[in-house]
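Q: Could we go through some of the labels people put on a protein model, and ask where each one comes from?

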Amino acid sequence: MKGFKRLLLLTIIAFPILLCAPITALATNGSSSTSSSSGNNPSQTASNDSVQEIKQKGTLVVGMSAAYPPYEFTTKENGKTKYVGFEVSLAKQFAKDLGVKLVIKNMDFDSLLVALETGKIDAIISGMNVTTERKKSIDFSNTYYSGDSYFLINKRDKDKLVNAKSFNGKTVGTQNGTLQSTLISKEMPKANGKGLAKLSSLVIGLQSHKYDGILMDAATAKAYMANNSSLYAFDSKLPNTAGGIAMAFPKGDTSLVNAANQTIKKVNKEQLINKKWIPEASQYMKSYKKQNTVLSYWRYFAKGIKYTLIITVVSVIFGFLLGTLFALMRLSKNKFFHSIAICYIEFLRGTPMMVQIMFVYFGIGAIIQSLPALLAGIIAVSLNSGAYVAEIIRSGIQSIPLGQTEAARSLGMSKNETFRYVIMPQALKNIWPALGNELITLLKDSSLVSVIGVSELMYQTQLVQSATYKGVLPLFITMIIYFVLTFTLSRILFYFEGRMKHVH
């Protein structure tokens with residue numbers, strides 16, 4: 001029992017430190033970036049050695065939002081996901097020039113800057129325009145491509161939507177964090193601009209008439225028009241208020257910027273983007289258009305199911321352990337334990353799970369650079385589940401009449417024996433339905449970890465959407481898969497609930 005108390009005390013002490021450490025680290029990073037204008041800034045000196053560090057580890061980690069053809073998108077090759085597009089080719093060339101292996105991290109466009117600033121990626125190569133605002137927090141290479149902004153609309157509307165003024169009072173979609181989202185607010189004040197993280201989701205909205213049009217890069221708009229006969233693209237003729245497209249690097253990282261400029265100089269000189277890489281991307285799009293069906297991507301859905309179940313099972317185990325621990329702490333007469341438990345439960349229940357996932361991955365991940373996205377997702381989901389399970393267990397224990405405890409003690413049973421043989425069996429029977437509901441909720445909420453690039457079911461669904469240019473059908477298949485999983489799980493839980501009733 002003394003050993004258990006020591007372990008419990010260590011857990012309590014370690015938990016707030018674990019939560020506070022990322023905040024301290026981010027504050028430190030913020031203060032160091034503020035003083036980066038000084039030539040003696042140690043963080044800047046370290047960042048200038050990043051090329052050597054990348055060569056030592058043997059990998060260049062590049063962040064992309066791979067749903068942006070022909071810049072970067074996904075196809076399948078031998079049943080596996082393959083990243084293609086002219087920016088993928090550029091990233092490969094850059095890694096080749098550095099003499100290292102390319103590692104691509106696929107995530108939402110509006111998460112790329114956070115990933116770069118927290119060290120999760122070494123560079124961004126994802127159609128990012130050079131702007132004055134972005135230059136305040138990151139450094140850019142020389143530009144390697146520039147393009148106008150185009151409207152993508154439903155083909156049947158092409159006679160009434162002919163220019164930017166045609167969208168006055170109408171809804172125009174853009175991808176969050178892009179140049180086009182800024183253009184709508186500045187150049188189209190009478191239009192109703194709405195942003196989403198995924199371009200494929202915007203196209204779904206357009207086809208289901210949730211949007212009247214989408215403002216996007218010219219090359220991407222033309223790609224969608226070429227692969228979907230119901231869509232039409234045309235030049236917005238809006239002024240280009242930003243520079244061209246360039247690679248993005250952490251502030252002060254001159255060594256990587258210089259290395260990237262050498263690659264870009266060679267690429268521009270040989271005109272590889274226009275003469276070789278864009279035609280290659282177009283060929284991928286054309287060839288896969290002919291044979292692409294949603295069902296041919298069944299391996300994607302299978303992989304998504306595997307990771308969804310891994311996240312759910314592991315998170316349930318650790319969530320139950322944490323829930324039991326903090327439930328006992330909250331029921332404890334020790335004020336210190338009781339206060340820690342309340343802080344944990346109320347904080348985790350009072351903040352959205354998506355925020356917690358991003359905080360663990362980008363916050364704690366800023367300290368532990370090698371923290372994988374899957375592990376970060378499991379940690380965040382387990383911590384969140386533990387808070388809810390703690391309250392479920394506490395309510396179950398408190399539902400047992402106090403007289404049963406007194407009767408057990410009067411029979412000579414110790415506190416531990418009373419709790420183990422009298423209280424907990426009855427409490428478990430009472431809380432089983434609530435625990436089962438939490439397990440089913442956890443299985444569905446595992447889809448939130450797709451925001452940090454974990455290849456669970458929702459993440460794989462988005463890959464299928466971007467690869468097939470179909471939006472609704474992959475979502476319908478995913479809904480059916482989730483229903484089958486949750487229905488099967490609920491039947492299993494119902495079976496054990498019946499066994500408990502029979503025993504008692």
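A: Sure, and let's start with one cut-off: a residue is called buried when its relative accessible area is under 20%, exposed when it is over 50%, and partly exposed in between. Keep in mind that this is a predicted model.

Q: Why is Asp157 called buried or exposed, whichever it is?
A: Asp157 has 12% relative accessibility. The limit for buried is under 20%, so Asp157 counts as buried.

Q: What makes Lys160 and Asp157 a salt bridge?
A: The rule asks for a side-chain nitrogen of Lys or Arg within 4 Å of a carboxyl oxygen of Asp or Glu. Here the N to O distance is 3.7 Å, so the pair passes. Lys160 itself is exposed, with a relative accessible area of 56%, whereas Asp157 is buried. As for the general idea, side chains of opposite charge can pair when their charged atoms come close.

Q: How many salt bridges does this rule give?
A: The count comes to 8. One of them joins the side chains of Lys266 and Asp97, at 3.0 Å from N to O. Lys266 sits in helix α10 and Asp97 in helix α4 (residues 86-98), so this pair ties together parts that are 169 residues apart in sequence.

Q: Are Lys266 and Asp97 buried, exposed or partly exposed, and how do you know?
A: Lys266 has a relative accessible area of 32%, and Asp97 comes to 35%. Those values fall between the 20% and 50% limits, so Lys266 and Asp97 each count as partly exposed.

Q: What separates Glu346 and Arg349 along their helix?
A: About one helical turn, because they are 3 residues apart in helix α13. Their closest N and O atoms are 3.3 Å apart, and they form a salt bridge. Glu346 is partly exposed at 37%, and Arg349 is partly exposed at 33%. Salt bridges with shared partners also join Arg330, Glu346, Arg349, Glu391 and Arg394 into one network.

Q: Why are α12 and α15 called oblique?
A: The axes of helix α12 (residues 298-331) and helix α15 (residues 373-398) cross at roughly 45° and come within 5 Å. Angles under 35 degrees would be roughly parallel and those from 65 to 115 roughly perpendicular, so α12 is oblique to α15. Their crossing is right-handed.

Q: What makes α12 and α13 oblique to each other?
A: Helix α13 (residues 335-349) packs against α12 at an angle of about 130°, with the axes 7 Å apart. Roughly perpendicular stops at 115 and roughly antiparallel needs over 145, so oblique is the word for α12 and α13. This crossing is left-handed.

Q: What is worth pointing out about the phi of Lys237?
A: Phi of Lys237 is near 60°, a positive value, and Lys237 is not a glycine. Most residues other than glycine have a negative phi. Lys237 is in the loop between β11 (231-235) and β12 (248-250), and it counts as exposed because its relative accessibility is 69%, with the limit being over 50%. Gln271 has a positive phi too, of about 55°, and at 41% it counts as partly exposed.

Q: How do you know whether the peptide bond from Pro69 to Pro70 is cis or trans?
A: Look at omega: it is near 0°, and the bond is cis. Most peptide bonds are trans. Pro70 is found in the loop between β1 (59-64) and β2 (73-77).

Technical notes: Residues numbered from 1 in each chain as written. Predicted model: local features only at pLDDT ≥ 70, side-chain atom pairs only at ≥ 80, totals over all residues. Heavy atoms only, no water. Axes fitted to C-alpha atoms, helices over the stretch in contact; angles between N-to-C directions. Helix = DSSP H or I, 4+ residues; strand = E, 2+ residues; numbered from the N terminus. Left-handed = near helix turned anticlockwise from the far one by under 90°. Buried < 20%, exposed > 50% of the residue type's maximum accessible area, 1.4 Å probe, protein only.
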